[in-house]
Amino acid sequence: MAMNAYFAYVFAAAWLGSGRKITPDEMALVMTDVLEGRLLRTFFGLADLNRKPKKWEQDMRKYEAWFAAHGRDYPVNWHVNFDETRHRDGSFYYFTRCPICEFCQREGIAELMPALCSTDEVMFRLQHGRLYREHTIANGDGLCDYWIVGDKTDGGRKDSRA
């Protein structure tokens, strides 16, 4: 999860270094270009969410265990929650705290958050997946939700229990 923060801080610094002359929408394009560059496209492409649809749930469960063991030492962190009953396909989890959003609010650059959040969809697409999201903390919601499925999943129905 630290890499997510580092990515955000680098682009926030670049945006501030431009004197905010680059719009947040243009900054989202810059971040997408970086993610879709050969190196990161290759790195993310190693994961195929069609073959391993629970990859992100497994990664987030590892993070959850790390946070349980070390959260007192690093209190400013994501708080991850799971709801296995929500969807049959893929993974569903949500965060109730986002340190990147807190950083942007604290530094007076909250308008950059939607651009930062938009990179999640790109990252999952590069892993042959789709992200369905209804809420983000950056938009004033109490959580950021992630339902992640492979891009070959049956039409990506919102409630696959039916």
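Two residues are in contact when they have heavy atoms within 4.5 Å. Keep that in mind as you work through these exercises on a predicted model.

**Exercise 1.** Find where S91 sits, decide whether S91 is buried or exposed, and list what S91 touches.

*Solution.*
- Step 1: Look for the element. S91 belongs to strand β2, which covers residues 91-97.
- Step 2: Check the accessibility. Buried means under 20% relative accessible area. S91 has 1% relative accessibility, so S91 counts as buried.
- Step 3: Go through the contacts. Setting aside residues up to four places away in sequence, S91 touches P53, K54, W56, E57, Y146, W147 and I148.
- Step 4: Zoom in on E57. A polar atom of the S91 side chain lies 3.4 Å from the backbone nitrogen of E57.

**Exercise 2.** Now do the rounds with F67: place F67 in an element, classify its accessibility, and find its contacts.

*Solution.*
- Step 1: F67 is part of helix α4, residues 55-70.
- Step 2: Partly exposed is the class between under 20% and over 50%. The relative accessible area of F67 is 22%, so F67 is partly exposed.
- Step 3: Skip the neighbours within four places in sequence, and F67 is in contact with Y74, N77, W78 and H79.
- Step 4: Take N77 from that list. N77 and F67 are 10 residues apart along the chain, and 8.2 Å separates their C-alpha atoms.

**Exercise 3.** Which residues make the nonpolar surface patch of about 350 Å²?

*Solution.*
- Step 1: The patch is made by M3, Y6 and Y9.
- Step 2: Pick one of them, Y6, and you'll find Y6 in helix α1, residues 2-17.

Key. Residues numbered from 1 in each chain as written. Predicted model: local features only at pLDDT ≥ 70, side-chain atom pairs only at ≥ 80, totals over all residues. Heavy atoms only, no water. Patch = residues over 30% accessible without salt bridge, like charges linked within 9 Å, V, L, I, M, F, W, Y side chains within 5 Å. Areas by Shrake-Rupley, 256 points an atom, 1.4 Å probe, with all protein chains shown as cover. Salt bridge = Lys/Arg side-chain N within 4 Å of Asp/Glu carboxyl O. Helix = DSSP H or I, 4+ residues; strand = E, 2+ residues; numbered from the N terminus. Buried < 20%, exposed > 50% of the residue type's maximum accessible area, 1.4 Å probe, protein only. Polar contact = N/O pair within 3.5 Å; in protein donor to acceptor, adjacent residues only side chain to side chain.
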